Amino acid sequence: MKKQGVLFPNYPGAFCWTLDDPLSGPMNFEIHRGSLKVEYFTDCDSQTIKLVEKIEFDSTPCHLGGERYWFLCPCCKTRVTTLFRLRDVYRCRYCHNLPYRAQNESELDRLIRKSRKLRRRLGGTGSLYEPVRQKPKGMHHSTFDQLSSNERTISLAAVKAITDKTQFFEEMGWLD
């Protein structure tokens, strides 16, 4: 909202996004001094119901001037940057008990994510099977050597885990 330049009093506006349900997207809002009023729609027993919720703002001073704005979770009053709509209410991650994506990763997923991150930092693609050929411009040789070594170790572990998992599935007859 700050990037769009709508954080000033009495500003009316609307956001829209698409999900499987077309009614889940539209949301009208109005900014008041210190709070945000949101209006959105939900389906309940084949009826469309309009919901209105007031979300308060807080701000903290920035180190080099200006201020940073925060939402206050309507439930726990914690400062947060993001509120999530779940069960037709906007709350913080903790009130909705939502995990971070990395908390649901398997060990294999974690290895692949780390390897891809290192490969991109080294100027390569995200593919585990394409070699990283050249040192990126501006990177020290010692840094490149260390990151390359770490990436190779992680990639080999990921490829081994993929191979083991594939072999297990073949032995169980799940890959035919």
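A salt bridge is a side-chain nitrogen of Lys or Arg within 4 Å of a carboxyl oxygen of Asp or Glu. The exercises below apply this and related criteria to a predicted model.

**Exercise 1. Salt bridges between strands and loops**

Task: Determine which elements the salt bridge of R91 and E53 links, and state whether the two residues are buried or exposed.

Solution.
1. The side chains of R91 and E53 approach to 2.5 Å, N to O, and the criterion asks for a separation within 4 Å. The pair is therefore a salt bridge.
2. R91 belongs to strand 8 (residues 89-91) and E53 to strand 4 (residues 47-61); 38 residues separate them, and the pair links distant parts of the chain.
3. R91 and E53 are both buried.
4. This bridge is one of 10 salt bridges in the structure.

Task: Locate K77 and E56, which also form a salt bridge, and classify the accessibility of each.

Solution.
1. The closest N and O atoms of K77 and E56 are 4.0 Å apart.
2. K77 is in the loop between strand 5 (67-72) and strand 6 (79-80), whereas E56 is in strand 4, 21 residues away in the chain.
3. Partly exposed residues fall between the limits of 20% and 50% relative accessible area. K77, at 46%, is therefore partly exposed, and E56, at 32%, is likewise partly exposed.

**Exercise 2. The packing of helix 1 and helix 2**

Task: Describe how helix 1 and helix 2 pack, and identify a salt bridge that ties them together.

Solution.
1. Helix 1 (residues 107-121) packs against helix 2 (residues 141-172) at an angle of about 145 degrees, and the axes lie 9 Å apart. The crossing of the two helices is left-handed.
2. Helix 1 contributes residues including L108, L111, I112 and L118 to the contact, and helix 2 contributes residues including L147, I154, A158 and I162.
3. By residue class, the contact of helix 1 with helix 2 comprises 10 nonpolar, three polar and five charged residues.
4. E151 and R119 form a salt bridge, with their closest N and O atoms 2.8 Å apart. Because E151 lies in helix 2 and R119 in helix 1, the pair ties together parts 32 residues apart in sequence.
5. Both E151 and R119 are buried.
6. Elsewhere, salt bridges with shared partners join E105, E107, R110 and R113 into one network.

**Exercise 3. Aromatic pairs**

Task: For the pairs Y40 with Y90 and F57 with F71, state which geometry applies and where the residues lie.

Solution.
1. The whole structure contains three aromatic pairs.
2. The rings of Y40 and Y90 are 5.0 Å apart, centre to centre, with 85 degrees between the planes. Planes over 60 degrees apart count as edge-to-face, so this pair is edge-to-face.
3. Y40 lies in strand 3 (residues 35-44) and Y90 in strand 8, so the pair ties together parts that are 50 residues apart in sequence. Both Y40 and Y90 are buried.
4. For F57 and F71 the centres are 5.7 Å apart and the planes 25 degrees apart, which makes a stacked pair.
5. F57 is in strand 4 and F71 in strand 5, 14 residues apart.
6. Buried means under 20% relative accessible area. F57, at 16%, is therefore buried, and F71, at 17%, also counts as buried.

**Exercise 4. The segment after helix 2**

Task: Characterise the surroundings of L175.

Solution.
1. L175 is found in the segment after helix 2.
2. With a relative accessible area of 42%, L175 is partly exposed.
3. Apart from neighbours within four places in sequence, L175 contacts T166, F169 and E170.
4. The C-alpha atoms of L175 and E30 are separated by 54 Å, and the two residues are 145 residues apart along the chain.

How values were computed:
Residues numbered from 1 in each chain as written. Predicted model: local features only at pLDDT ≥ 70, side-chain atom pairs only at ≥ 80, totals over all residues. Heavy atoms only, no water. Axes fitted to C-alpha atoms, helices over the stretch in contact; angles between N-to-C directions. Helix = DSSP H or I, 4+ residues; strand = E, 2+ residues; numbered from the N terminus. Left-handed = near helix turned anticlockwise from the far one by under 90°. Contact = heavy atoms within 4.5 Å. Nonpolar A, V, L, I, M, F, W, Y, C, P; charged D, E, K, R; others polar. Buried < 20%, exposed > 50% of the residue type's maximum accessible area, 1.4 Å probe, protein only. Phe/Tyr/Trp six-rings, centres within 6.5 Å; stacked < 30°, edge-to-face > 60°.
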